[in-house]
Amino acid sequence: MRRLATLLVLATAFSFQGAAAATLREQLALAEKAEDTHSRIELLRRILEKEPADDGLREQLVRLWLQIEDYDMAEVSLKEWKIAPASLQAEVGAEILFRRDDKAPEAIALLEAYRTTQPADMAIIRQLARYYGSSAENQKLADLLDTAPGVGAEPDLLLTRAGSKRALGNFEAALADFALVEQASEETAKDARPAYDRLKAALPAIQAANARVAQNPDDFAALVARAQLLAYIGSQNALIRADAERAWKAAPQSVAARLLYARVALSNLKARQELSVDLSAAEPPPANVERLLKLDEALTKNPNAAAALARRSFELNDAPAQYALALLDADAALAIDPANAPALVEKIFALVKLGKVPDAAATLLVLEKSTPPADRLGRACQYLAEGEMTAFRFQSALDYANRGLKAKPTVSLYQTRATILNRLGRMAESQADLASAKKLEKK
């Protein structure tokens with residue numbers, strides 16, 4: 001309704017060719033109230049035809065052209081204004097270069113040149129900071145806001161400076177800047193506080209990792225741990241990638257480094273083909289990564305430790321669901337110790353998950369010949385039962401469940417067989433297995 005009223009008044013005003021400038025100003029006031037940008041532009045142009053010396057209106061016109069992103073008209077209007085202030089020429093000229101012409105370096109150079117004469121122009125400082133931020137020039141952004149006068153009294157710029165220092169990995173300085181933001185403006189600090197709270201909590205661990213890397217640049221465990229912490233605090237991916245690449249280069253035998261490097265540096269196809277990593281699987285939780293790192297370090301000292309390889313295979317089969325990598329470790333363990341029961345069980349699990357059930361069945365025969373502990377044999381049979389059930393081969397699934405229960409009755413095996421029997425329509429037997437599971441669970 002406000003816009004319609006404005007347009008009706010403007011239509012009436014424009015119908016009189018001899019409308020007085022005062023009347024046009026009244027219409028301009030209405031257009032401003034209605035937030036009608038295009039009408040304001042037309043009225044400003046008409047008024048300036050009659051009052052070309054009104055510099056305030058000329059500046060309004062130039063800024064309105066920028067507001068609607070008509071950079072050509074902003075440029076024309078600025079050129080027509082022969083005595084435009086140098087600050088406005090720099091501001092508008094840079095915005096045209098940056099937005100219309102996609103020439104960020106030239107836009108930045110224009111503002112930097114202006115600042116050599118007016119270093120305290122806060123509007124230009126803000127504009128330059130915006131350009132540095134958009135161009136990921138974090139060091140230049142931090143330097144600008146460290147040296148520009150007046151920044152300490154501007155909470156939003158302090159927050160921007162804190163962000164640039166976070167991106168550079170200068171976390172202590174970032175936290176110091178955020179503390180200044182909190183002192184200056186609770187409102188400005190509010191939304192950013194959770195991120196800086198995480199940074200504050202993680203900082204001691206980051207500093208410990210920093211110290212380890214400083215002492216040994218090839219400490220892959222410290223590099224991976226630091227990358228995990230950087231990801232937790234929402235740091236720039238460039239920092240995480242740098243640590244991932246260094247860790248992978250330092251220790252290509254580390255599966256923790258391999259997983260991290262694949263996730264931050266490769267596409268899923270390349271990760272699968274080159275590193276046997278499936279990026280569609282969930283990212284491993286920190287506790288799992290920590291266990292993998294410990295196993296990596298143990299295997300760095302003794303690559304032929306079959307038990308450690310089998311344990312790492314288990315960890316890879318677990319939370320990361322990296323079955324191809326788990327299979328590699330299980331096979332490596334079995335190459336050292338062909339009768340290693342934990343490695344055989346993990347190989348069966350990985351093969352089932354990879355859809356290679358016949359290979360898993362052949363591995364079960366090897367496991368049975370090695371006279372494994374009953375619980376391991378039962379678990380291996382359950383994996384195969386679940387794999388066959390997923391493939392809708394219910395009779396074969398039942399056979400494996402029966403073999404597993406014969407080896408070691410467990411709650412999960414009874415429940416698995418109950419599900420299979422249910423799918424086969426043998427409801428009474430299914431209910432009996434569920435009762436057996438409940439009975440066993442109470443023991």
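Why is α16 described as largely enclosed by the rest of the structure? Ten of the eleven residues of α16 are buried, so the rest of the structure largely encloses this helix. Here, buried means under 20% relative accessible area, exposed means over 50%, and partly exposed is in between (1.4 Å probe, protein chains only). The helices themselves are DSSP runs (H or I, at least four residues), numbered from the N terminus.

A quick word on the model before going on. This is a predicted model, in which local features need pLDDT of at least 70 and side-chain atom pairs count only at pLDDT 80 or more, while totals for chains, interfaces and linings use all residues. Residues are numbered from 1 along each chain as its sequence is written, and side-chain values use heavy atoms, with hydrogens and water left out.

**Around α16 and α20**

Back to α16: its buried residues include Val-255, Arg-258, Leu-259, Tyr-261 and Val-264. They pack against α14, α15, α17, α18 (286-301), α19 and α20, where contact means heavy atoms within 4.5 Å.

One of those partners, α20 (residues 323-336), has a buried set of its own: Tyr-323, Leu-325, Ala-326, Leu-327, Asp-329, Ala-330, Ala-333 and Leu-334. What covers them includes α16 (255-265), α17 (268-275), α19 and α21 (341-353).

Now look at Asn-317, which sits in helix α19 (residues 306-317). With 5% relative accessibility, Asn-317 counts as buried. If you skip its neighbours within four places in sequence, Asn-317 touches Tyr-323, Ala-326, Glu-346, Phe-349 and Ala-350.

**Checking a helix length**

You can try a ruler on α11 (residues 171-184). Its 14 residues should span 20 Å at 1.5 Å a residue, and its end C-alpha atoms are indeed 20 Å apart. The expected span is 1.5 Å times one less than the number of residues. Helix α20 also has 14 residues and reaches 20 Å from its first C-alpha to its last, close to the expected 20 Å.

Buried residues in α11 include Phe-171, Leu-175, Phe-178 and Val-181. Among the elements covering the buried part of α11 are α10 (155-168) and α13 (193-215).

**How α4 and α6 meet**

Two packed helices are described by the angle between their axes and the distance between the axes. The axes of α4 (residues 55-67) and α6 (residues 86-100) come within 11 Å and cross at roughly 15°. The axes are lines fitted to C-alpha atoms, for helices over the stretch in contact, with angles from 0 to 180 degrees between N-to-C directions. So α4 and α6 are roughly parallel to each other, a label for angles under 35 degrees (over 145 is roughly antiparallel, 65 to 115 roughly perpendicular, and the rest oblique).

On the α4 side you'll find Glu-59, Val-62, Arg-63 and Leu-66, which meet Leu-88, Glu-91, Val-92 and Glu-95 in α6.

**Two loop residues with positive phi**

Which loops hold Glu-69 and Asp-102? Here they are, side by side.

| Residue | Phi | Loop | Relative accessibility |
|---|---|---|---|
| Glu-69 | about 65° | between α4 and α5 (71-80) | 56%, exposed |
| Asp-102 | about 55° | between α6 and α7 (104-115) | 67%, exposed |

Glu-69 has its positive phi although it is not a glycine, and Asp-102 is not a glycine either.

**A last stop**

Glu-245, in helix α15 (residues 237-250), is partly exposed at 33% relative accessible area. Its C-alpha atom is separated by 38 Å from that of Glu-154, 91 residues apart along the chain.
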